[in-house]
Amino acid sequence: MEAEEDAAGTIIEDDEIYVNGGEDGESQRHRPIISGEQLDIEAYAALYTGRTKISRLLFIAEKCGVPSMQLEALRMAYDEIKKGENTQLFREVIAKIDGRLGPDYGPDNAWADAVDRRAELRKEKLENELNAYRTNLIKESIRMGYNDFGDFYYAHGQLGEAFKNYVRTRDYCTTSKHIIHMCLNAILVSIEMGQFQHVASYVGKAEQSQDALDPVTIAKLRCAAGLAHLEGKKYKLAARKFLETGPELGNNYTEVIAPQDVATYGSLCALASFDRAELKSKVIDNINFRNFLELVPEIRELINDFYTSHYASCLEYLGNLKANLLLDIHLHDHVETLYEQIRSKALIQYTLPFVSVDLHMMANAFNTSVTGLEKELEALITNDQIQARIDSHNKILYARHADQRNGTFQRVLQTGSEFDREVRAMLLRANLIKHDYNLKASRKH
Amino acid sequence: MSSAESLVAQIQGLSGNLADLTQLRNYLKQSDDSLRVESTRLAPLLNELDPSLHSLGYLYVLEACTSGPIAKEQANEFVLLVARFLNVCSAEQIRLAPDKFISLCKRFKDQVMLLEDPMRGVAPMLAALRKLQTSTEQLTTLHPDFLLLCLLSKCYKTGLSILEDDIFEVDQPRDLFLYCYYGGMICIGQKQFRKALELLHNVVTAPMPIISAIAVEAYKKYILVSLIHLGQFSTSFPKYTSSAAQRNLKNFSQPYLELVNSYSNGKVSELEMCVQTNKDKFETDKNLGLVKQVVSSMYKRNIQRLTQTYLTLSLQDIANTVQLSSPKEAEMHVLQMIQEGEIYATINQKDGMVRFLEDPEQYKTCEMIERIDSSIQRIMMLSKKLTTMNETMSCDPSYLGKVGRERQRFDFDDFDTVPSKFNI
């Protein structure tokens, strides 16, 4: 069933790629952007599996603000939960639906009770088994026992307990494969819980493993590390991690992240934090990453636009994508900051090669008004990010080249007077201390 | 009466050379008590002595006959008499009895203050101070008194002449604190904020075992001057500041620190709010005038920031960005700043545009070279002083004793490494 869904998802994506590929460069920039339209929840949800699918759907339902979309998301979340055993989440969703979806989506108490009963039984069984293993002191069995417990709690939505049990298996790991397994489980649960410090530390542990990791695991770890950095607002590091992610990732980590996300997160972070050269070498010329970019053509286009200085179109793409990005469970907090940084970066890059820039033309290129642009430039100049001055009368920006000779003279004179002042103050203080010391000495005698 | 005559004879006879003077001083010291007893009858003796030739004797007699309480009617006469003496006395002679001289000067200062005419004391005190000093690097106890008189009589320029000397030798920490505090106030009066900042900084960071009211007041003014002059204030102390100051100063100056906070936001309205709420406190501290200067400095600071960003800007825009009410007011501010050399700009009244220019200084003129040269000379002098001081310190027996005591025991091998320890 799930495999089918996945397949359906990729087919949709393939269609999009085809549409993009069919047109050529110049006309593409004026083409309406598909993702700018309302998010296709079904296609979106198909990219994910497991718990993250439910959390993402619920997140969309909470943030989108469109009733039809909200109900759609809730309906799918309901269906998805029914496949699992998480009764607590089930009740929450029921409360959110509040009977708006008709009798088919009501509080199915019979199902919930049945699941709960089964869970009780299973828990007892697992406890008995684990106790038996522990008395027998068979390491591998104990590990399995804890692992089963972790799986059990995870399925029932008790993430804290699940995390504890997964981590407990650590003492019983005998091979590096077990350790990796433990780390991946811990990372998965931590991401669900939003505990990204744990994610970073378990990624570190997994990467220290002696045996060579298989490419899929490496890709998974890169993604997890990228997410952790993203949450910590270290966009440059996040970008690096996402860009290092291998194409082996494929659809193997859909319980956390879809390859489309890797492209989006990586690209936006890279745009916000990389300089031109790095952007070219690490993003545009990166063959691995190109595979990801193909999945999200808008992002690929906007990166190319940015690099080829078609800022208006680049910003247009960004503007169109924004609504959907705000519905992303990991990215929504960072969208504003990233967008601001990308915009500043674009402004800086635009002014860099020129001695003087006509603000009217620049405003055109950025699709904004001259006064608005002036304010933005002012902020950038004040923060010392652009070395230029604005001729507000003629609306021209002039580059300003620091006069090294004058600057040096200024600094020398300043350093001189500082030294002068400090030495004098120091001598005075030394004399005071001496006086104090002499006074004490004379009192003693 | 015969003792008085013999005293006069002694003074007249022994004022010639140094050996005689030393003898005279010993004699006077012995007869000090008897002089005091007869203090009321000594006044006529002064007429027989010449204050410039017999300064030492004159000093003792004068000190003795004014040691009692002075009636209000006599105060004027006393001030005249002492002022004349201070102006003409011989520096060499009075330095033989600095204690007497200082106590006379202090009494003189008190009398001038009682008469509520501090101006009269300024010139004689300056003369006295110069005579008492063995070098211009020495801080005497008279320094703070002199500066206080300058402050009270608003003779700031005269006060500045003393403040230009570099002071290194200090007898009493309290003198230094007061000297720096009053000096700072005089410099503020003359709008020499850089110098004021330096003096106040000395008070705040001076080594002190317990915190003093002088330090607290100096810290408050230090904050304000720093905002006016530098446009910012760092609330952390330099690491050499005494722990007493680091612990306590901030507790005593909360309203000022609030001012610093609202200043750093760069919004005039916010700053004015803060001034309003703490107005009473500033007023009781007598700092309200300075606080007002802080507010107006923010306009300047904001305009100065614009010069970094803009080549031309209309007066209207300036008024908007720095929150002035009208272009006219903005023009006044810009004009004033151009006059004071704080920005380089031209105003085009026809279009209402201001054109900001770069600093025209090219560092090519002879004056600039001379300035740099003198600066280098000064720094060389200072470094030499530092080295000498370091050397004397490492030869100082009490210092060596202390360092030696801190080391457990000298092994023979240790002797090689000892000198390097002294280079600290």
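**Exercise 1. Build the sheet, strand by strand.**

Work out how strand β4 (residues 345–348) of chain B is joined to β5(B), and then follow the sheet outwards from there.

*Step 1.* Begin with the pair itself: β4(B) and β5(B) run in the antiparallel sense and share four bridges. Keep in mind that you're looking at a predicted model.

*Step 2.* Pick out one bridge. Ile347(B) has Val354(B) in β5(B) as its bridge partner.

*Step 3.* Look at the turn. The hairpin of β4(B) and β5(B) has four residues between the strands, and Gly352(B) there takes a positive phi near 70°.

*Step 4.* Cross to the next neighbour. Strand β3 (residues 310–314) of chain B pairs with β5(B) (residues 353–356), antiparallel again, over three bridges. Here Val354(B) turns up once more, this time opposite Leu313(B). Thr312(B) has Arg355(B) as its partner in β5(B).

*Step 5.* Now hop between chains. β2(A) pairs with β3(B) in the parallel sense over two bridges. Asp391(A) is bridged to Thr312(B) in β3(B). So what is Thr312(B) doing? Thr312(B) has a bridge partner in β2(A)'s chain, Asp391(A), and another in β5(B), Arg355(B).

*Step 6.* Put it all in order. The result is an open sheet of six strands, β1(A)-β3(A)-β2(A)-β3(B)-β5(B)-β4(B), and its pairing is mixed. The edges are β1 (356–358) of chain A and β4 of chain B, each of which pairs on one side only. From one strand to the next, the twist averages 20°.

*Step 7.* Add the helix. Helix α21 (residues 327–339) of chain B packs on this sheet and touches β4 and β5 of chain B, with its direction at about 145° to that of β4(B).

**Exercise 2. Which parts of chain A touch chain B?**

Find how many residues each chain puts into the contact, and which element of chain A gives the most.

*Step 1.* Count both sides: 30 residues come from chain A and 33 from chain B.

*Step 2.* List the elements on the chain A side. α21 (370–382), β2 (388–391) and α22 (404–444) of chain A each supply at least two residues.

*Step 3.* Find the top contributor. That's α22(A), with 21 residues.

*Step 4.* Sort the chain A side by class: 15 residues are nonpolar, seven are polar and eight are charged.

**Exercise 3. Parallel or antiparallel?**

Decide for three helix pairs how their directions compare, and say who makes the contact.

*Step 1.* Know what to look for. Two packed helices are described by the angle between their axes and the distance between the axes.

*Step 2.* Try α8 (residues 98–114) and α9 (residues 119–132) of chain B. They pack at about 170°, with axes 11 Å apart. Angles over 145 degrees count as roughly antiparallel, so α8(B) and α9(B) are roughly antiparallel to each other. The crossing is left-handed. Among the contact residues are Phe101(B), Cys105(B) and Phe108(B) of α8(B), along with Met125(B), Ala128(B) and Leu132(B) of α9(B). By class, the contact has eight nonpolar residues, one polar and two charged.

*Step 3.* Move to α14 (residues 259–273) and α17 (residues 297–307) of chain A. Their axes come within 10 Å and cross at roughly 15°. That makes α14(A) roughly parallel to α17(A). This crossing is left-handed. Ala263(A), Thr264(A), Ser267(A) and Leu271(A) of α14(A) meet Ile299(A), Ile303(A) and Phe306(A) of α17(A). Five of these residues are nonpolar, two are polar and none is charged.

*Step 4.* Finish with α2 (residues 18–30) and α5 (residues 55–65) of chain B, packed at about 15° with axes 10 Å apart. They are therefore roughly parallel to each other. The crossing is right-handed. From α2(B) come Leu21(B), Leu24(B), Arg25(B) and Leu28(B); from α5(B) come Leu56(B), Gly57(B) and Tyr60(B). The classes are five nonpolar, one polar and one charged.

**Exercise 4. Check an annotation against the model.**

Compare the "coiled-coil region" annotation with the chain that it covers.

*Step 1.* Locate the region. According to an unreviewed UniProt entry, the annotation covers residues 116–143 of chain A.

*Step 2.* Read off the model. Over residues 116–143 of chain A, the chain is 93% helix and 0% strand. The end C-alpha atoms of this stretch are 25 Å apart.

Technical notes
Residues are numbered from 1 along each chain as its sequence is written. Chains are lettered from A and ligands numbered from 1 in the order in which they are written. This is a predicted model: local features need pLDDT of at least 70, side-chain atom pairs count only at pLDDT 80 or more; totals for chains, interfaces and linings use all residues. Two strands pair if DSSP finds at least two bridges between them. Axes are lines fitted to C-alpha atoms, for helices over the stretch in contact, and angles run from 0 to 180 degrees between N-to-C directions. Angles under 35 degrees count as roughly parallel, over 145 as roughly antiparallel, 65 to 115 as roughly perpendicular and the rest as oblique. A crossing is left-handed if the near helix is turned anticlockwise from the far one by less than a right angle, and right-handed if clockwise. Two residues are in contact if their C-beta atoms, placed from the backbone, lie within 7 Å. Ala, Val, Leu, Ile, Met, Phe, Trp, Tyr, Cys and Pro count as nonpolar, Asp, Glu, Lys and Arg as charged, and the others, Gly among them, as polar. UniProt positions are given in the numbering used here, feature names are shortened, and annotations may be inferred rather than shown by experiment.
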